[in-house]
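Please walk me through this structure slowly, starting with its sheets and ending with the residues that sit between them.

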Amino acid sequence: MSDEVVKQPHQLWTGAHYNEGIGRDDIFDKLREECGVYGVWNVPNAASLSYYGLHALQHRGEESAGICTADSTQDGKFNYHRGMGLVKEVFTQDVLETLEGNAAIGHVRYSTAGESKLANAQPLIFKYRKGDLAVATNGNIVNAPSIREELENLGSIFQTSSDTEVIAHLIARSSKDFVGAAKDALQRIVGGFAFLIMTNDKLIVASDPHGLRPLVMGRLGNGYVFASESCALETVGAEYERDVQPGELLVLDENGMTVDRFAPLERRATCAMEYIYFARPDSDINGINLHSSRKRMGQKLAVEAFVDADIVTGVPDSSISAAIGYAEQTGIPYELGLIKNKYTGRTFIQPSQELREKGVKMKLSAVRKVVEGKRVVMIDDSIVRGTTSLRIVNMLREAGATEVHVRITSPPFANPCYYGIDTPDRKELIASSKTVEEIRQAINADSLYFLSHEGLIDAVGGNDGAKNRGMCLACFDNDYPTPVDFSSDKSCSC
């Protein structure tokens, strides 16, 4: 072996902040959360509530965080702060004390295709002829590139590479009042989105006509709280009231809340991956608890693909609930065969492939005394490229597992998402080109089974009268609820 191979230069983390680019070229190729939004109206010290709410949504985005506040009872002056990194790193007590007001919108961001830089951190803040405007969103605007090109040809100057800026330009160019302008703007965009749009004296809350991205409403005293997930309501003591409905437009001002619509309810199609993977297990989406639905996924897997084994283990953290369900259904003991280290963050130094593989064990470890000499059923939520599954299966084998049977709580993930999930191109998705048997061989498993479409739909439950009982399964069945540009780069408004 030559010296050039042995003495590779260290590849150091050189980003401006700790989490910059987290998830890109990571050791694990898991799907990445999109973003999280949080809104407060007519509640004292709205910034502190937003801080705790964003903490609860941190799993949805770890690259940047921001809060914009206004006092609707006074002049409505904006106070805002955005920064790169985790919520606890961006907001100190001193910073929070400067964010006065009883209204706020907040955001945590994981950038998918957009650049990881402060200019793209949300909420985005603008000044226009009618005052101040702040925008925060979770999701993706499918037709943003064409609208952006149109606006640039008309003279608009964009300050960011985020699709979210499109909505601000559409509002600013309108001759209508703020609510009318916002309604017109929302009617022009196509995609999956949950918007919080704030001015000096109003807050608008809107969900796309298909309800692709989750958004919930709660009450706290005489005020309102909005969040991407219900767990972020409970964190601040807000009482969950309901989900914001697809196509709904809520307007909050000094007179309270007005319920309106910018679009009729089309095919309800909440993202299936929210139920399978993204949302926290203590959250509810459309009245369905995530922990319970994931347990049912595990139970369905046990019925569809039982295998005689000694222990069941789940890949932490999203697959634990399903693993418990599989174990309960089969009677096979559930064990903590895999342990996740929550404090590694990004691997800083990866000077060689050998040490890169050791970095895998920094983030996830097999418990040798639990799996050694055992036939293991390994439950996971999805297989993307297949590299993660291969590493975990091999990790279990190295720890002494005699057999490793992989069970996945979703159908094969064969199609990219255009609604705000960071997915590879179709050609990089292993299920787009390989059969289940070929994937089994690629990940070195003794057996492999994916939950059926019917099993997933039954496990989640939901609206019996809606297609797929109200879920978007496009990543599995290629049936997208909106028009999409298959040649686009899936750029994300988050």
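The paragraphs below take up the sheets, the helices beside them, the nonpolar cores and two single residues.

The model shown here is predicted, and a good place to begin is an open sheet of six strands, which are arranged in the order 5-6-7-8-12-13 with antiparallel pairing. At its edges are strand 5, covering residues 124-128, and strand 13, covering residues 256-261, each of which pairs on one side only. Neighbouring strands in this sheet are turned against each other by 20 degrees on average, when direction is ignored.

Within this sheet, strand 6 can be followed from one neighbour to the other. Strand 5 and strand 6 form a hairpin with two residues between them, and their antiparallel pairing extends over five bridges, one of the pairings being that of Phe126 with its bridge partner Leu133 in strand 6. Towards strand 7, residues 191-198, strand 6 (residues 131-141) is joined by eight bridges, and these two strands likewise run antiparallel. Ala136 has Leu196 of strand 7 as its bridge partner, while Ile141 is matched with Gly191 in that strand. Ten of the eleven residues of strand 6 are buried, and the strand is therefore largely enclosed by the rest of the structure.

A second open sheet has four strands in the order 17-20-21-22, and here the pairing is parallel. Strand 17 (311-314) and strand 22 (447-450) stand at the edges with a single partner strand each, so that one side of each has no neighbour in the sheet. From one strand to the next, the twist averages 20 degrees. Strand 17 and strand 20 are paired in the parallel sense over four bridges, and Ile311 stands opposite Val376 in strand 20.

Helices accompany this parallel sheet. Helix 10 packs on the sheet, where it touches strand 21 and strand 22, and its direction makes about 125 degrees with that of strand 22. Helix 11, for its part, lies across strand 17, strand 20 and strand 21, and runs at about 160 degrees to strand 17.

The nonpolar interior can be described next. The largest nonpolar core has 47 residues, and Met273, Leu456 and Phe476 are those with the most contacts inside it. Among the elements that each supply at least two residues of this core are helix 10 (290-304), helix 11 (320-330), strand 20 (375-380) and helix 16 (453-460), whereas the largest share, six residues, comes from helix 9. Another core, of 31 residues, lies apart from it and includes Ile141, Leu151, Phe158 and Val251.

Two single residues complete the tour. Where is Ser410 placed? Ser410 belongs to the loop between strand 21 (403-408) and helix 15 (436-443). Although it lies in a loop, Ser410 has a relative accessible area of 1% and is therefore buried, since the cut-off for that word is under 20%. Leaving aside residues up to four places away in sequence, Ser410 touches Ile276, Asp381, Ser382, Phe450, Leu451 and Phe476; of these, Phe476 is also named among the residues with the most contacts inside the largest nonpolar core.

The other residue is Cys35, which UniProt lists, in an unreviewed entry, for "active site". Cys35 lies in strand 1, which covers residues 35-41, and with a relative accessible area of 0% Cys35 is buried.

Methods
Residues numbered from 1 in each chain as written. Predicted model: local features only at pLDDT ≥ 70, side-chain atom pairs only at ≥ 80, totals over all residues. Heavy atoms only, no water. Pairing = 2+ DSSP bridges. Axes fitted to C-alpha atoms, helices over the stretch in contact; angles between N-to-C directions. Buried < 20%, exposed > 50% of the residue type's maximum accessible area, 1.4 Å probe, protein only. Contact = heavy atoms within 4.5 Å. Core = buried A, V, L, I, M, F, W, Y, C linked by side-chain atoms within 4.5 Å. UniProt positions renumbered as here; feature names shortened; annotations may be inferred.
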